[in-house]
Amino acid sequence: NNSAFFQFSTSSNLHKSQTSDAQNTANRVDHLKLLLYDLNSAIAPKSSRLQAIYAVLEEFDHHERSYHDQELDVRADQILLQKLTYASSVDETSDEVGYLCHALEMVYRGSKG
């Protein structure tokens, strides 16, 4: 019966899609954790901090609310605030401060922000 096959096929494709979405989410969360670990570990020299900030800016520059929610779930805002506090204590007029503020703005585009 073609009807039964179609129902099985559609159900199977839906399951694959849901599994794929869950895997993509898990992969992105793992990637975020690595980026944030690198950012959190980057202390000196300033060039290593900037390199980690640029990577975060590139990842966070989108308008997918669910992605920003993932960023908030892994506490990106707290790590960025910690880095901002450090950077502003060194030189509050530096580009680094501006980049970190920009990254915070991006993270707070989520529905949880």
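**View 1. E105 and its salt bridge with R109.** In this predicted model, E105 is partly exposed, with a relative accessible area of 38%. Its partner is R109: the two form a salt bridge in which the closest N and O atoms are 3.2 Å apart. This is a good place to start looking at charged pairs, since the structure holds five salt bridges. The next two views turn to others.

**View 2. E59 and R28, a link between helices α2 and α1.** The side chains of E59 and R28 meet in a salt bridge, with 3.1 Å from N to O. Look at where the partners sit: E59 belongs to helix α2 and R28 to helix α1, 31 residues apart, and the pair links distant parts of the chain. R28 has a relative accessible area of 10%, which means that R28 is buried. Follow the charges a little further and you will find E71, which is linked with R28 and E59 in a network of salt bridges.

**View 3. E96 and R49, a salt bridge between buried residues.** Here the side chains of E96 and R49 meet, with 2.7 Å from N to O. E96 is in helix α5 and R49 is in helix α2, so this salt bridge ties together parts that are 47 residues apart in sequence. Are these two residues buried or exposed? E96 counts as buried because its relative accessibility is 4%. R49 counts as buried too, with a relative accessibility of 7%.

**View 4. Y54 and Y99, an aromatic pair.** The count of aromatic pairs in this model comes to one, and here it is. The rings of Y54 and Y99 are arranged edge-to-face, with 5.5 Å centre to centre and 70° between the planes. Y54 lies in helix α2 and Y99 lies in helix α5, so the pair ties together parts that are 45 residues apart in sequence. Y54 is partly exposed at 42% relative accessibility. Y99 is partly exposed as well, at 28% relative accessibility.

**View 5. L80 and the largest nonpolar core.** The largest nonpolar core has 24 residues. Which residues have the most contacts inside this core? They are L36, L39, F60 and L80. Helices α1 (2-41), α2 (46-60), α4 and α5 (95-107) each supply at least two residues of the core. In general, nonpolar side chains tend to be buried together in soluble globular proteins. Now centre the view on L80. Residues up to four places away in sequence aside, L80 touches L39, V56, F60, L100, A103, L104 and V107.

**View 6. D69 and the buried residues of helix α3.** Helix α3 spans residues 65-73, and its buried residues are H68, D69, Q70, E71 and L72. You may recognise E71 from the salt-bridge network with R28 and E59. D69 counts as buried because its relative accessibility is 12%. Which residues does D69 contact, leaving aside neighbours within four places in sequence? They are G110, S111 and K112. Just after α3, R75 takes a positive phi of about 65°.

**View 7. D30 and V74 across the fold.** D30 has its place in helix α1. With a relative accessible area of 45%, D30 is partly exposed. D30 and V74 are 44 residues apart along the chain, and their C-alpha atoms are separated by 9.6 Å.

**View 8. A nonpolar patch on the surface.** I43, Y86 and V90 form a nonpolar patch on the surface, and together they have about 280 Å² of accessible area. One of them, V90, has its place in helix α4 (residues 76-91). V90 has a relative accessible area of 52%, which means that V90 is exposed.

**View 9. Stepping back to the whole chain.** After the close-ups, a wider view puts the pieces together. The protein chain has five helices and zero strands, and from the N terminus on its elements run α-α-α-α-α. Of its 113 residues, 34% are buried. The accessible surface comes to about 7400 Å², and 53% of this belongs to carbon and sulfur atoms. Among contacts with a separation of 6 or more, 71% come from residues 24 or more positions apart.

Key:
Residues numbered from 1 in each chain as written. Predicted model: local features only at pLDDT ≥ 70, side-chain atom pairs only at ≥ 80, totals over all residues. Heavy atoms only, no water. Patch = residues over 30% accessible without salt bridge, like charges linked within 9 Å, V, L, I, M, F, W, Y side chains within 5 Å. Areas by Shrake-Rupley, 256 points an atom, 1.4 Å probe, with all protein chains shown as cover. Salt bridge = Lys/Arg side-chain N within 4 Å of Asp/Glu carboxyl O. Helix = DSSP H or I, 4+ residues; strand = E, 2+ residues; numbered from the N terminus. Buried < 20%, exposed > 50% of the residue type's maximum accessible area, 1.4 Å probe, protein only. Core = buried A, V, L, I, M, F, W, Y, C linked by side-chain atoms within 4.5 Å. Contact = heavy atoms within 4.5 Å. Phe/Tyr/Trp six-rings, centres within 6.5 Å; stacked < 30°, edge-to-face > 60°.
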